[in-house]
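Grab a pencil and work through these exercises with the model open beside you. Each task comes with a solution you can follow step by step.

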Amino acid sequence: MKRIIASIICTTVVLSSASFSVFADEENTSSDIQIEETTNLAVDLKDEFINRLYRNFMGRDADLEGLKSWKDLLNNGFTGADLVVGFSVSPEFRNKNLSNSEYVDTLYQTVLGREADETGKSAWV
């Protein structure tokens, strides 16, 4: 139960704000940016985001079918937080049988891009 609560809290609180920056353009305010360039940037960032989820949760790169499926979800209203929850409850990830400590480490790496600090980790484990 603690694992489910940790997943929900971490993903909804942290990724709800982080998902914006994952897809945002790098503070480029130039008025001559082509819409096509912005669209291509967003697609590339989505691919990078999904591959990061695959590497952190599954320990491998995304296969083409999986990448397309997750990207379709993003393009149809799913958020980055929704994808994190989806990966965290997937059969492939659950079959890894991680300890609570390993699970929290995975969430910290995926959501925050860093190791868990002792205080934060002890609150979840």
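**Exercise 1.** Find the residue that follows helix α6 and work out the sign of its phi.

*Solution.* Step one: α6 runs over residues 100–112, helices here being DSSP runs of H or I with at least four residues, numbered from the N terminus. Step two: go past the end of α6 and you land on Gly113, with a positive phi near 70°.

Before going on, a word on the ground rules: this is a predicted model, where local features need pLDDT of at least 70 and side-chain atom pairs count only at pLDDT 80 or more, while totals for chains, interfaces and linings use all residues. Residues are numbered from 1 along each chain as its sequence is written, and side-chain values use heavy atoms, with hydrogens and water left out.

**Exercise 2.** Check the span of α6 against what its 13 residues should give.

*Solution.* Step one: the expected span is 1.5 Å times one less than the number of residues, so α6 should cover 18 Å. Step two: the end C-alpha atoms of α6 sit 17 Å apart, which agrees. Step three: look at which α6 residues are buried (under 20% relative accessible area with a 1.4 Å probe, protein chains only; exposed is over 50%, partly exposed in between). Among them are Tyr103, Leu107 and Val111.

**Exercise 3.** Which residue pairs with Asp105 in a salt bridge, and where does each partner sit?

*Solution.* Step one: apply the cut-off, a side-chain nitrogen of Lys or Arg within 4 Å of a carboxyl oxygen of Asp or Glu. Step two: Lys121 fits, its closest N–O distance to Asp105 being 2.9 Å. Step three: Asp105 is in α6 and Lys121 in helix α7 (residues 118–124), so the pair links distant parts of the chain, 16 residues apart. Step four: Asp105 is partly exposed, at 26% relative accessible area.

**Exercise 4.** How are the rings of Tyr54 and Trp70 each arranged against Phe87?

*Solution.* Step one: rings of Phe, Tyr and Trp (its six-membered ring) pair if their centres lie within 6.5 Å; planes under 30 degrees apart are stacked, over 60 edge-to-face, the rest tilted. Step two: Tyr54 and Phe87 are edge-to-face, at 4.9 Å and 85°. Tyr54 belongs to helix α2 (residues 35–58) and Phe87 to helix α4 (residues 80–88), so this pair ties together parts 33 residues apart in sequence. Step three: Trp70 and Phe87 have centres 4.4 Å apart and planes at 25°, so they are stacked. Step four: Phe87 is buried at 0% relative accessibility.

Definitions and conventions: Helices (H or I, at least four residues) and strands (E, at least two) are DSSP runs, numbered from the N terminus.
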